[in-house]
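Here are my notes on two parts of this model. Please read them with the structure open.

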Amino acid sequence: MLLNRKQSGKRWHLRPDGAPKVTGQLQYLTDMTLPDMIHGRVLRSEYPYARLLSIDTSEAEALKGVYAVLTSKDVPGLNRFGIATPDQPVFCEDIVRYVGDAIAAVAADSPERAALALDAIRVEYEELTPLNSTDAALAPGAPELHEHGPGNVLHRTEIKRGDVEQAFATCDHIVTETYYTPRQMHAYMETEGGLFVPDEEGRLNVYAATQHGYKDRMQLARIIGCSEEDIRVVSSPIGGSFGGKDELNVQPYGALLALRCGRPVKMHNSRKESVRAGLKRHPMKIEMQTGMSREGIIQAHRVRITADTGAYATLGAPVLNFCTEHCLGPYAIPNVDVEGVSVYTNNGLSGEFRGFGGNQAIFAMEGQMDRLAAIMNMDPWEFRRRNMREKNDPGPLNQRILVTDGLSQVWEALDRSELWQKHQSPPADPALPPWIKRGVGAAIAMHGAGLGYGIPDPAGGRLSLNNEGKIEVAFSYEEFGQGLIATLEIMLCDLFQCSTSDLSIIIGDTDRVPHSGSSTASRSTTMAWMALQRLQTPFRSRVLTVASALSGVPADELVTGPGGVWRKGQLPAETSEVESESGLLISYAELATQGEADEWIFDTKFDYPTTPDNVVGGHYLYTYAAVAAEVEVNTLTGETKLLDTRHVVAAGPVINPMGYIGQIEGGSVMALGFTLTEDAVMQDSRYVTTNLDTYLIPTIQDIHTNLEVEAIEDLPEGDAFGPRGIGEIGSVALAPAITAAIHQATGVWVNRLPVPREQLVRPLNVPLQEGVSPS
C-alpha cells in the first residue's frame, strides 16, 4: 500500500492533540505553574575532569529570596542514578567527570535570584587532564574514571562463529574500511524540566517528561529514601524526546528541592544547559573488513566497534549490544568475528537515541555492501539480494526469530520503484551547470523491536467501563509526539465499533495506570495492540451479558457500537452517524451503573515476546525497511541536497496512516541531520557547539517534499504480534542510501558523518569566465 497525504484506502484519523499543539494551546509539563511555586537551578562543573576540594554555599544561602542550597550531603538516600547502571552522582562528592556534572542546586523566588545564588557558590577545584577520546581512555596508565572498571571500559560485546582467518585466506576480494559517526543531539523543542509538588499527605507529585514513569519513580525513591508509592510521576504530554528524556535529568534536583522547601519547585533547562548536561547519540568508530568469493558471496566479516559513552553509563551497554547485533545487517555470513567496546571518557554523556546504535551499524554495513558490489561491478541491489538471509534463517546472533517475508518484500518493492530505476541510468539534465552532480543510492535494514533477550520487558494494560460511561484504557506509555493517543483511539474504535466520544484514554501517570513497560524500542504500538487483543473478549462479554439481562435480547444478537450496545444489523454505517438510534438498546452510561465498579475493570500482564534462547541483546521481532535516495551535490561548495526518497517498510498492519507517515517523515529528517549537518563537536571535552545557533539541524528548506512511503502490511497467518512500531525504522537506513547516492554522483566513498563537504569539492573541468560567479 502506497501511503501519501491523499491516500484514501484507510481511515485518516485526526490527532486529538493536533489542534492544541499547532495553536499553542496545549499545556506541556514545563508550562505548568502554581501560585506559590519557586524556581530551581543546578550548578554544574566548570571543568570536564577535576577534584572537588571545597564547596562554600554560605554566601548563596544568605541571599534574600533563596530557600535552599543543596549539595551531596543533603541527599538522604542513594546519591546516584542511572536507568541501568546507577553510576552518575546526583551531586558530585569528590570528583567531577564532565562539564554537565552537578555540584549543587538552589531554589529561589525567581529564576534571576536562583541564577545569582549559583554565582554566589564558591567551588575550589584541582583541574585534571581530561580523557578526551576513547584512545586516551584506553591508553596504558590512563586514570580510571570509575572504581568498578576494569580500566575505562563500560561494556564489551562479541559475536564469533566459523573460522574467520581461514575464510579471509580463501576470499577473492576483501574490503577494509573505517566508519565514523557523530555525537548527535536530540534537539527536542521542549528542553528538560518540570514541576515538583509536595502535597499535604507527604507525597511528592512529579510532573516531568520521561519515557518510563515507573522507572523514574523507582530511581527517585532510592534517592529520596522513601517508598515508591510516596511518589506520583506524571509524564505526558512531552514536547519531544527521541530517547533523550528516558534517563533522569532534572528530576532528582526538583524532587529534593521541593521536599526541602515544602513548596512547588519548577525546573526548566535553558538550551545551553540542555546541550551541556543532556544525552547525545553515541559517536562511534566502526572498523570493518569483509571478504567475498569471486561469485560475490560474502564469506567473512570482521568488525571492531568503539563507542564513546562519556562520563557515565546511562544505556551505553544496551546501545553497544544493539549496534553489535546490527553490524551484520540482514545478511547470511558464515564466518563472523565482531568485538565491541563502550568506553568511559570525560566527554559529554552519550545514551539512548532513536535507532539505538542501529543507525551507526547500518551506515557502516551498508557502506561495505556498496563497496563490495562496486568491486564486482554488480548492481548493488542485486548484490544485496545475493547475500540476504532466507526468511527461516536464524537472527544475527544465531537466535530464533519470528519468521516473516518482510526482508524480501521490501527488497522487491524498492527494486521495482521508479526512483531506484533511475540509479541504472541517471537521466542527464542539460540545464544543470557542470559542477552540479546527481546520483541515486539505496540501503536496506533489519531492525530489532523491544528491549531484547535477557532484559526484563513487562507489558500489560487495563480496559474498563468507568463511572462516566466511557470505555477507558490505561497504559503507562507516554505521548511525546508519536501519535500514540490517536493510534489507541483507532484500535478501540475498530475493536468495539464505538466513536471517539465513547473513549477515555489514560497514559503516563503512575497513580492511574498499570505498569506497561517503557515507551521505547518501538514497542508501544505492538504492546498496546497485544494487550487489547487479550482484554477485548472478557470486556465485551461483560458488556453484552449485562445488556442482555437489561434488555431481554439474547447476548448473541447484540454488538457494541457508538454510544452503547446495539442490535446486530442495526449499527450505523459510520460510527459518527448516531442520529439514527433506533437500534441502540443500552447506553454505556446505563451499563456503568450496573454492579460494582471493579466488575467493569479488566487487567492483563505479559512479557514482550522472546524465545527460550538466552542471548542477551538479541531480538525476536524485527521490522524491515528499504530506502532509495536521490541527491544533488554541488562540487564547488560540497553541499549535498536530498531531492527525493522512497521508504518501503514492512511492519505489519497500518493502524494510523497519518501517524505512520509522520513517524517515517520525522525519522527521515532526523537521519538527514545525522548524515549531512549535525555534530555536537567537543574540544578538550568541552562542547564547541553550545546552542542551536551553531548546531545545524535541518530546516524546512532542507526537507524535500517528495517523500513516498510504501507500507507492506502482510503478516504470516497466525501472527500474534500485530502492528510493529515504526518510530525508529524510518531513521536507520537513510544515511547509507544518501552516501551511496553521493558516490554515484561524485565517485567519492564517504566513510564519515556528517559528510565532510571538503571531501566533495572538485575543480571544474572548464574554467569560469572572468567575473562570473560559480553560483
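1. Start with one cross-strand pair: V473 faces I505, a residue of β20. The model is predicted, so read this as a computed placement. The pair belongs to a parallel pairing of β19 (residues 471-475) with β20, which runs over 5 bridges.

2. Now the sheet around that pair. It is open and has 4 strands, ordered β20-β19-β18-β24, with mixed pairing. β20 (503-507) and β24 (601-607) are the edge strands. Each has a single partner strand, so one side of each lacks a neighbour in the sheet. From one strand to the next, the twist averages 15 degrees.

3. Which strands does helix α14 touch? Helix α14 (residues 484-496) packs on the sheet against β18 (458-465), β19 and β20. The direction of α14 makes about 140 degrees with that of β20.

4. Helix α15 (residues 524-551) also packs on the sheet. Its contacts are with β18, β19 and β24. Relative to β24, the direction of α15 makes about 145 degrees.

5. Next, a helix pair. Helix α17 (residues 657-676) packs with helix α18 (residues 734-746) at an angle of about 50 degrees, and their axes are 9 Å apart. The two helices are therefore oblique to each other. The crossing of α17 past α18 is right-handed.

6. What meets what between these helices? From α17 come S668, A671, L672, F674, T675 and L676. From α18 come L734, A735, I738 and T739. By class, this contact has 7 nonpolar and 3 polar residues, and no charged ones.

How values were computed. Residues are numbered from 1 along each chain as its sequence is written. This is a predicted model: local features need pLDDT of at least 70, side-chain atom pairs count only at pLDDT 80 or more; totals for chains, interfaces and linings use all residues. Side-chain values use heavy atoms; hydrogens and water are left out. Axes are lines fitted to C-alpha atoms, for helices over the stretch in contact, and angles run from 0 to 180 degrees between N-to-C directions. Angles under 35 degrees count as roughly parallel, over 145 as roughly antiparallel, 65 to 115 as roughly perpendicular and the rest as oblique. A crossing is left-handed if the near helix is turned anticlockwise from the far one by less than a right angle, and right-handed if clockwise. Contact means heavy atoms within 4.5 Å. Ala, Val, Leu, Ile, Met, Phe, Trp, Tyr, Cys and Pro count as nonpolar, Asp, Glu, Lys and Arg as charged, and the others, Gly among them, as polar. Two strands pair if DSSP finds at least two bridges between them.
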